[in-house]
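Okay, thanks for coming, everyone. Let me put the model up on the screen, and then I'll walk you through it.

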Amino acid sequence: MNTSPYSIRLDEDLRKTLEREAAIEDRPPAQLAVRAIRTMLESKAAKRAAIDAAVEKADQGKFITADEMNAWIDSWDTENELSAPVASGQSNSQ
């Protein structure tokens, strides 16, 4: 994989924390920074894909209402915990 230099500015506390963690892992700070950036970008892409899929389902009329979601969340840690709601138009296996 080709790499190219990229410069960023870190505040002093963040730089020290990065360097401390790099020393613990016996890795260069830049390697940890690259890993962190890659993880953050992958997470953002996954979140974006999930949102796009949810919007597509909602556009098809398949969604969970706020009342259904709130009732489910309110039931957490109670004796009568509800099953997760299923988007209308879908079977429980989806």
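So, start with Glu 25 and Arg 35, which form a salt bridge whose closest N and O atoms are 3.3 Å apart. This pair links distant parts of the chain: Glu 25 belongs to helix 1 and Arg 35 to helix 2, with the two positions 10 residues apart in numbering terms, that is, 10 residues apart. One thing to keep in mind throughout is that we're looking at a predicted model.

How exposed are these two? Glu 25 has a relative accessibility of 30%, so it counts as partly exposed. Arg 35 comes out at 39%, and that makes it partly exposed as well. For both of those, the class runs between 20% and 50%.

Now, how many salt bridges does the structure hold? The count is 3. Let's go to helix 1 for the others. Glu 12 pairs with Arg 15, and there the closest N and O atoms are 2.2 Å apart. Both residues sit in helix 1, 3 residues apart, which is about one turn of the helix. Then Arg 15 also forms a salt bridge with Glu 19, at 2.6 Å between the closest N and O atoms. Arg 15 and Glu 19 are 4 residues apart in helix 1, so about one helical turn separates them.

As for accessibility here, Glu 12 is partly exposed at 40%. Arg 15 is partly exposed too, with 28%. And Glu 19, at 37%, counts as partly exposed. If you put Glu 12, Arg 15 and Glu 19 together, they make one network, joined by salt bridges that share partners.

Okay, let's move on to the backbone. Most residues other than glycine have a negative phi. Keep that in mind and look at Asp 26, which isn't a glycine and yet has a positive phi of about 55°. Where does Asp 26 sit? You'll find it in the loop between helix 1, residues 12-25, and helix 2, residues 29-59. Is Asp 26 buried or exposed? Its relative accessibility is 65%, so it counts as exposed.

There's another one of these further along. Asp 77 has a phi near 60°, again a positive value in a residue other than glycine. Asp 77 is in the segment after helix 3, and that helix covers 66-75. With a relative accessible area of 78%, Asp 77 is exposed.

Next, the surface. Tyr 6, Ile 8, Leu 10 and Leu 14 make a nonpolar patch of about 450 Å². Take Leu 10 from that group: it lies in the segment before helix 1. Leu 10 has 34% relative accessibility, so it counts as partly exposed.

Last stop, the largest pocket. It holds about 270 Å³ of space. Which residues line it? Among them are Met 1, Thr 3, Ser 4, Tyr 6 and Ile 8, and then from further along the numbering you get Ala 30, Ala 33, Val 34, Ile 37 and Arg 38. Sorted by type, the lining comes to 7 nonpolar residues, 2 polar and 1 charged. And notice that Tyr 6 and Ile 8 turn up in the pocket lining as well as in the nonpolar surface patch.

That's my tour, so let's open it up.

How values were computed:
Residues are numbered from 1 along each chain as its sequence is written. This is a predicted model: local features need pLDDT of at least 70, side-chain atom pairs count only at pLDDT 80 or more; totals for chains, interfaces and linings use all residues. Side-chain values use heavy atoms; hydrogens and water are left out. Buried means under 20% relative accessible area, exposed over 50%, partly exposed in between (1.4 Å probe, protein chains only). Patches are made of residues with over 30% relative accessible area and no salt bridge: like charges are joined within 9 Å, nonpolar side chains (Val, Leu, Ile, Met, Phe, Trp, Tyr) within 5 Å. Accessible areas come from the Shrake-Rupley method with a 1.4 Å probe; for residues, only the protein chains shown count as cover. A salt bridge is a side-chain nitrogen of Lys or Arg within 4 Å of a carboxyl oxygen of Asp or Glu. On a 1 Å grid over the protein atoms alone, a cavity is a set of points where a 1.4 Å probe fits but cannot get out, and a pocket is an open set with protein on both sides within 12 Å along at least five of seven lines; lining residues have an atom within 4 Å of a point. Grid points are joined across faces, edges and corners, and a volume is the space filled by probe spheres set on the points. Ala, Val, Leu, Ile, Met, Phe, Trp, Tyr, Cys and Pro count as nonpolar, Asp, Glu, Lys and Arg as charged, and the others, Gly among them, as polar.
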